[in-house]
Amino acid sequence: MINPNLVPSILLDFPRTRIRINKRVLKSLNNPDYIRLLINPETRTIAIEACDDTEPLRHRIPIYVKNSKQCFEIRSLSFFEQ
């Protein structure tokens with residue numbers, strides 16, 4: 001069995017309408033202050049991109065997430081509706 005803490009992963013939790021991004025994903029992006037989700041509805045794929053605070057639809061990574069072992073969670077009903 002693969003240890004989920006060692007592999008970059010994103011969990012889509014439909015019942016709770018949340019997206020969980022583990023620490024390995026953030027680390028692979030050099031621990032950015034902000035990220036944004038890129039979604040291609042035609043191919044039904046998701047990408048995560050590091051960005052700055054001027055980008056629209058950005059998500060700020062709280063300092064407590066950066067300094068802990070917690071994953072980063074985004075709750076979005078509109079994302080799951082689409």
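1. L57 lies in the loop that runs between strand 4 (45-51) and strand 5 (59-60), and in this predicted model the residue has a positive phi of about 60 degrees although it is not a glycine. Most residues other than glycine have a negative phi, which is the reason for listing the backbone of this residue here. L57 is also exposed, with a relative accessible area of 76%.

2. A second non-glycine residue with a positive phi is N31, where the angle is about 50 degrees. N31 is placed in the loop between helix 1 (23-28) and strand 3 (34-40). At 41% relative accessibility N31 counts as partly exposed, whereas L57 at 76% is exposed.

3. On aromatic contacts, a search of the whole structure finds two pairs. One of them joins F14 and F80 in an edge-to-face arrangement, with 4.8 Å from centre to centre and 75 degrees between the planes. This pair links distant parts of the chain, since F14 sits in the loop between strand 1 (10-13) and strand 2 (18-21) while F80 belongs to helix 3 (residues 77-81), 66 residues apart. The two partners also fall into separate accessibility classes: F14 counts as exposed at 53% relative accessibility, but F80 is buried, with a relative accessible area of 14%.

4. The rings of F79 and F80 form an aromatic pair as well, and because their centres are 5.0 Å apart and their planes stand at 85 degrees, this pair is edge-to-face. Both F79 and F80 are buried. Taken with the contact to F14, the ring pairs link F14, F79 and F80 into a cluster, in which F14 is exposed at 53% relative accessibility.

5. As to the cysteines, the count of disulfides comes to zero. For C51 the closest cysteine sulfur is that of C71, at 19 Å, which is too far for a bond, given that a disulfide requires the two sulfur atoms to lie within 2.5 Å. C71 is likewise in no disulfide, its nearest cysteine sulfur being that of C51, 19 Å away. Both side chains have little accessibility by the criterion used, in that C51 counts as buried at 15% relative accessibility and C71 counts as buried at 19%, where the limit for buried is under 20%.

Key:
Residues are numbered from 1 along each chain as its sequence is written. This is a predicted model: local features need pLDDT of at least 70, side-chain atom pairs count only at pLDDT 80 or more; totals for chains, interfaces and linings use all residues. Side-chain values use heavy atoms; hydrogens and water are left out. Helices (H or I, at least four residues) and strands (E, at least two) are DSSP runs, numbered from the N terminus. Buried means under 20% relative accessible area, exposed over 50%, partly exposed in between (1.4 Å probe, protein chains only). Rings of Phe, Tyr and Trp (its six-membered ring) pair if their centres lie within 6.5 Å; planes under 30 degrees apart count as stacked, over 60 as edge-to-face and the rest as tilted.
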